[in-house]
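This report describes selected features of one protein chain. It treats cysteine links, one loop residue and one pocket in turn.

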Amino acid sequence: KDMQIKDGFAAGSTDTIAFPSVGLAQKIWVEMDLVNSDLSKIAIELYAPGKSTPYKLYAGGKTGTSLVAKYNDDTQLLDGDMNKDWLGKDITGNWTMIVKDTAALTVPPGTPPFEFDGKFNWSINLQTLSSKKIQIKGNLIVDGTLTVGTSNAAAQWPVMRYKVFSTHDQACCWFADNNAAYFLGVAPSTWSDGNGVAWSINPDKNMWRSFFGTSMKIYPNLNVVSDTWRSYSSTNSKHAAVLFRIKNTTSADVTWTPHFYFTNYAGWGEYSSVTVNGASNWQHTGSCSANCSANPALTIPKSRTSSVIFVVGSSPPSGEMRSLYLQFFNNSLKLPAGLEFVDDLDTAVGGWEQ
């Protein structure tokens, strides 16, 4: 809409646009269309959300009666840097334009009756990428290419970390002299012969980074490992450990129920187990070949990122052969609403509490 320019009002004519949240700015510019009896006496300022100092768009310098410009696009600002302040940010909030007719500043401020000398209209414009649904009431003007929808090829699947490991060298000894520091804080002999469980893992993220060196994309049904191997003694075992980092974006706890097939053989001290943030959430203390399955209900705490770790052992021997199997099924890696997988192990800090 057109705003009239007050003649004889030192504070100028003001108009405010309440800009909604539609995403992060990739480009931002301001369009101005103004008429006045003398452009050389016009000053234009723009106040942005949270900014106490205005952007100066125009301060005379031209003659004539008409001004049309795209500031921060084809016309440079006189003062201020909108790109530095707003690119990559959400510009939501109140944007206020002030147009002053400086020729009338000798008239005492606020002295009625006000005369009007010209008019202006303006807009603030944004180029953005947004994951939100946007309702548009009115005209939609597209400057460039409009792409509607996405293809399956562009889907970005989340990532988790995992490790398949043995514990003992048949020729001599436990790996790393049975040093727990290289096996998530649990000694190799404990994993193989001592009923090692996931909640005994040291929560030191540096230790996790040095162990979980392999990443895997997370699909709703995921085969982590399905391996049959030759076993020479009860001392060694093969295990699979999986680390999920799961963010609860809500203000309430959310229950996730993963369905998975697994192997383990408690008769030789090899348990399968699951922990959420160091709690003893689930374990199997029997014997399981590849047809065993479980679906524990796991509580993912509100308003934080949690660590969920699965560790499974190998099956009972059949002759010299054993199997190691971990398979998620029933689309159970499609998380409930409010939960999302994150891959932040490279930067995560702290212990079980974060």
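How many disulfides does a search of the whole structure find? The search finds two. The model is predicted, and every value below was computed from its atoms.

**Disulfides**

With bonded cysteines counted along the chain, the disulfides follow the pattern 1-2, 3-4. The table lists the two pairs.

| Disulfide | S to S distance |
|---|---|
| Cys172 and Cys173 | 2.3 Å |
| Cys288 and Cys292 | 2.0 Å |

Are Cys288 and Cys292 buried or exposed? Both Cys288 and Cys292 are buried. The link between Cys288 and Cys292 is left-handed, with -80 degrees about the S-S bond.

For the disulfide that joins Cys172 to Cys173, the accessibility of each cysteine can be stated as a percentage. Cys172 has a relative accessibility of 51% and therefore counts as exposed, because the class requires a value over 50%. Cys173 has a relative accessible area of 30%, so Cys173 is classed as partly exposed.

**Asn277 and its surroundings**

Where does Asn277 lie? Asn277 is found in the loop that runs between strand S17 (272-276) and strand S18 (282-284). The relative accessible area of Asn277 is 15%; since buried means under 20%, Asn277 is therefore buried.

Which residues are in contact with Asn277, leaving aside its neighbours within four places in sequence? They are Pro301, Arg304, Ser306, Ser307 and Trp352. Polar contacts can be described for Arg304 and Ser307, which are among these residues. The side chains of Asn277 and Arg304 are joined by a polar contact of 3.3 Å. In addition, the side chain of Asn277 reaches the backbone nitrogen of Ser307 at 2.8 Å. Thus the buried loop residue Asn277 has a side chain that meets the side chain of Arg304 and the backbone of Ser307.

**The second largest pocket**

Rolling a probe the size of a water molecule over the atoms shows where empty space is left. The second largest pocket holds about 190 Å³ of space. Its lining comprises 13 residues, of which Trp157, Pro158, Leu333, Lys334 and Leu335 are the closest to the centre of the pocket.

How do the residues of this lining divide into nonpolar, polar and charged? Ten are nonpolar, one is polar and two are charged.

Definitions and conventions. Residues numbered from 1 in each chain as written. Predicted model: local features only at pLDDT ≥ 70, side-chain atom pairs only at ≥ 80, totals over all residues. Heavy atoms only, no water. 1 Å grid on protein atoms, 1.4 Å probe; cavity = no way out; pocket = protein on both sides within 12 Å on 5 of 7 lines; lining within 4 Å. Points joined across faces, edges and corners; volume = space filled by probe spheres on them. Nonpolar A, V, L, I, M, F, W, Y, C, P; charged D, E, K, R; others polar. Disulfide = S-S within 2.5 Å. Buried < 20%, exposed > 50% of the residue type's maximum accessible area, 1.4 Å probe, protein only. Helix = DSSP H or I, 4+ residues; strand = E, 2+ residues; numbered from the N terminus. Polar contact = N/O pair within 3.5 Å; in protein donor to acceptor, adjacent residues only side chain to side chain. Contact = heavy atoms within 4.5 Å.
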